[in-house]
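Colleague: Could you take one part of this model and go through it closely for me? I'd like the aromatic rings, and then how that part fits with the rest of the chain.

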Amino acid sequence: QVQLVESGGGLVQTGDSLRLSCAASGRTFNQYTMGWFRQAPGKERDFVAAIRRSGDSTYYADSVKGRFTISRDNTKNTVYLQMNNLEPADTAVYYCASRLLNPRNYGVDYEYVYWGQGTQVTVSS
């Protein structure tokens, strides 16, 4: 029903910046909470950031707070993740996720229903 397509990943150096984009299908994008998660090889999928439907509130994992910024453009059905001052620990596959309306907890993966295919972010040291 809802398709999410991430883009913008790549290979960068420590300290570089990168902006990920997630394009969503559908006519009611502004009714969906959007989030970003990441998964490193051999590790569990971790919460990165989330944004409320109107974009008026955002949520971040402690590990990325101050470096990453999530935003959305409801006129373009797109959510972004601006990643600054990247570190090797940020290396992971980054997934865009969404759910209708508001979750009970914005920072857990099981609250989200729709997922993108993921985009690889590799930060070299």
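Modeller: Here's a walk through the aromatic rings first, then the surrounding loop, the disulfide, the core and the overall fold.

Ground rules: this is a predicted model, where local features need pLDDT of at least 70, side-chain atom pairs count only at pLDDT 80 or more, and totals for chains, interfaces and linings use all residues. Residues are numbered from 1 along each chain as its sequence is written, and side-chain values use heavy atoms, with hydrogens and water left out.

Rings of Phe, Tyr and Trp (for Trp, the six-membered ring) pair if their centres lie within 6.5 Å; planes under 30 degrees apart are called stacked, over 60 edge-to-face, and the rest tilted. Counted that way, there are 6 aromatic pairs. One of them is Phe37 with Tyr112, an edge-to-face pair at 5.2 Å centre to centre, with 75° between the planes. That pair links distant parts of the chain: Phe37 belongs to strand S4 (residues 32–39), while Tyr112 sits in the loop between strand S9 (92–100) and strand S10 (114–115), 75 residues apart. Strands here are DSSP runs of E with at least two residues, helices are runs of H or I with at least four, and both are numbered from the N terminus. Phe37 and Tyr112 are both buried, where buried means under 20% relative accessible area, exposed over 50% and partly exposed in between, using a 1.4 Å probe and protein chains only.

Tyr112 also pairs with Trp115, again edge-to-face, at 6.4 Å centre to centre and 70° between the planes. The two partners differ in exposure: Tyr112 has a relative accessible area of 4% and is buried, whereas Trp115, at 24%, is partly exposed. Put Phe47 in and you have one aromatic cluster of Phe37, Phe47, Tyr112 and Trp115.

There's a charge to look at here too. The charged end of Arg45 sits over the ring of Trp115, 4.0 Å from its centre; the test is that NZ of Lys or CZ of Arg lies within 6 Å of the ring centre and within 35 degrees of the ring normal. Elsewhere, Arg72 lies over the face of Phe29, 4.4 Å from the ring centre.

Now the loop between S9 and S10, which also holds Gly107. Leaving aside neighbours within four places in sequence, Gly107 is in contact with Phe37 and Phe47, contact meaning heavy atoms within 4.5 Å. Both of those rings are members of the aromatic cluster. Gly107 is itself partly exposed, at 26% relative accessible area, and its C-alpha atom is 17 Å from that of Val93, 14 residues away along the chain. Leu101 lies in this loop as well. Leu101 has a positive phi of about 60° although it isn't a glycine, and at 39% relative accessibility it counts as partly exposed. Asn85, in the loop between S8 and S9, is another non-glycine with a positive phi, near 50°, and is partly exposed at 44%.

S9 has a covalent tie as well. The whole structure has 1 disulfide, a disulfide being a pair of cysteine sulfur atoms within 2.5 Å. The bond joins Cys22 and Cys96, with the sulfur atoms 2.1 Å apart. Cys22 is in strand S3 (residues 18–24) and Cys96 in S9, so the pair ties together parts that are 74 residues apart in sequence. The link is left-handed, with -80° about the S-S bond. Cys22 is buried at 0% relative accessibility, and Cys96 is also buried at 0%.

As for the core, the largest nonpolar one has 36 residues, and Met34, Trp36, Leu81, Met83 and Tyr94 have the most contacts inside it. Such a core is a set of buried Ala, Val, Leu, Ile, Met, Phe, Trp, Tyr and Cys residues joined through side-chain atoms within 4.5 Å. Elements giving it two or more residues include S3, S4 and S9, and S5 has the largest share, 5 residues.

Zooming out, the chain has 0 helices and 11 strands. Of its 125 residues, 44% count as buried. Residues 24 or more positions apart account for 60% of the contacts with a separation of 6 or more. The C-alpha atoms fill a box of roughly 40 × 25 × 25 Å along the principal axes.
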